[in-house]
Amino acid sequence: MPESTASRPLAGLRVVELSSFVASPLCGLTLAQLGAEVIRVDPVGGAADVHRLPTSPDGTSIYWTGLNRGKASVELDLRSEDGQRALRDLVTDSGDGGGILVTNSAGRSWLTHDILAAARPDVITLELLGRRDGRPGVDYTVNAALGFPSITGPAGTDTVVNHALPAWDVAAGLHAALAVVAAVRRRERTGEGCHIVLPLDDVALATAGTLGYLTEPQIDGSSRPAVGNYVYGTFGTDVVASDGGRFMLVALTPRHFCDLARLTGTEEAVAALENATGADFSTDRDRYEYREVLAALFARWFAAHTTEQVSAALADSVVLHERYRRFDEVVSEGDLDANPLFSPLVQPGVGDYLAAAHPATFDGHHLATGPAPQLGADTERLTWE
């Protein structure tokens, strides 16, 4: 598929985004990558995330520009009636492909779905909330209330460890983009608009429920324990080479596990352990139950070999593995240069760098966007159409 916006799946849609932080801007970015015209609206001077870290040497937010690539930018005085009217007009007066609002700034009495629907009955509004009862919430507070920090980190301690990745924000942004596309599809069939409400805590609860974290305590009253770097329910752990290189290993199937034993020269010891305990290491349950003694057996081989030797041996095996790296190592070792997902981008205020496109390919092509706009760059053009 060629890179022109006109040929992209969502070409012809116009989405107005009143948002900040991660989930809502990520929804808009995803829609923009897929071809929609996305107009980000900010209050004068920018929303609360306009200067968020990390920043470039001149103070431009790398965070803000990364999430707002490919969008138009409008600044409005949202405390004034004129600014509020201009925003409503952007949403409701934008042709067959318009009438779509994405926002995490819910609760504005002058920007409700009903008010917009009175001007345009087929309007689609998506409101991202922190909590389903309307109270504010962010990824880190939602995650704390859900339970994941209590099972993240070392086993056998009362320590809680927060995720560095705002997983629920990311999931919510992608759910939001899918919900918008689904509502557009319904509107094409029926002519009806839609009021979508997507709470961050419900995204987290739905995910945890689907993956079984909330089913276990309902069935038997248990709560999953922290197991450190072991993989719950099968065999997986980290190992250290003689020169300090660290690897994550996962033996997800009996084939993986047998090859790990072959690679480390522990086949006889593993078989003896099975015979002595009555365990069956072809099963996930027993590989997990005996994880500590198995890890100790395997660790000796890794501790006797260098990072280079370990990498070569693992590459010649079917064991699932990766070497632990830092972000700067991912960049310096050329992963971005070798991946067609990334292409050069010149971002004013930040500089030249390789930016990620949409991770899916459409007919062999990743769909990329241009840079983020200067704040308010499109205000006059879009509010005087």
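**Figure 1. Contacts across the whole protein chain.** In this predicted model, residues 24 or more positions apart account for 67% of the contacts in the protein chain with a separation of 6 or more. The secondary structure comes to 15 helices and 13 strands. Of the 385 residues in the protein chain, 44% are buried. The C-alpha trace spans about 80 × 50 × 40 Å along its principal axes.

**Figure 2. Helix α7 and its buried side.** Helix α7 runs over residues 200–210. Its buried residues are Leu200, Asp201, Val203, Ala204 and Ala208. They cover an arc of only 160° around the axis, so they sit on the same side of α7. What do these buried residues pack against? Their partners are two strands, β5 (124–129) and β6 (194–199), and two helices, α5 (139–146) and α6 (167–190). After α7 comes Gly212. The phi of Gly212 is positive, near 95°.

**Figure 3. Helix α5 against helix α7.** This view takes up one of the packing partners of α7. The axes of α5 and α7 are 10 Å apart, and the helices pack at an angle of about 40°. That angle makes α5 oblique to α7. The crossing of α5 past α7 is right-handed. On the α5 side, the contact uses Asp139, Val142 and Leu146. On the α7 side, it uses Leu200, Asp201, Ala204, Leu205 and Ala208. Among these, Leu200, Asp201, Ala204 and Ala208 also belong to the buried residues of α7.

**Figure 4. Helix α10 against helix α12.** Helix α10 covers residues 267–277, and helix α12 covers residues 291–303. Their axes come within 10 Å and cross at roughly 160°. Angles over 145 degrees count as roughly antiparallel, so α10 and α12 are roughly antiparallel to each other. α10 passes α12 in a right-handed crossing. From α10, the contact draws on Ala269, Val270 and Leu273. From α12, Val293, Leu294, Leu297 and Phe298 take part.

**Figure 5. Thr30 in helix α1.** Thr30 belongs to helix α1, residues 23–33. Is Thr30 buried or exposed? Its relative accessibility is 9%, so Thr30 counts as buried. Leaving out residues up to four places away in sequence, Thr30 touches Leu174, Ala177 and His358. Leu174 and Ala177 fall in α6 (167–190).

**Figure 6. Thr369 in a loop.** Thr369 lies between β13 (365–366) and α15 (379–383), in the loop that joins them. At 16% relative accessibility, Thr369 is under the 20% limit and therefore counts as buried. Which residues does Thr369 contact, its neighbours within four places in sequence aside? They are Leu29, Ala32, Gln33, Arg69, Gly70 and Leu345. Leu29, Ala32 and Gln33 fall in helix α1 (residues 23–33).

**Figure 7. Cysteines without a disulfide.** A disulfide is a covalent bond between the sulfur atoms of two cysteines. To count here, the two sulfur atoms must be within 2.5 Å. By this rule the count comes to zero disulfides. Cys27 is in no disulfide. The nearest cysteine sulfur to Cys27 is that of Cys194, 13 Å away. Cys27 has 0% relative accessibility and so counts as buried. Cys258 has a relative accessible area of 48% and is partly exposed. Exposed would require over 50%.

Key: Residues numbered from 1 in each chain as written. Predicted model: local features only at pLDDT ≥ 70, side-chain atom pairs only at ≥ 80, totals over all residues. Heavy atoms only, no water. Buried < 20%, exposed > 50% of the residue type's maximum accessible area, 1.4 Å probe, protein only. Helix = DSSP H or I, 4+ residues; strand = E, 2+ residues; numbered from the N terminus. Arc of directions from axis to C-beta. Contact = heavy atoms within 4.5 Å. Axes fitted to C-alpha atoms, helices over the stretch in contact; angles between N-to-C directions. Parallel < 35°, antiparallel > 145°, perpendicular 65-115°, else oblique. Left-handed = near helix turned anticlockwise from the far one by under 90°.
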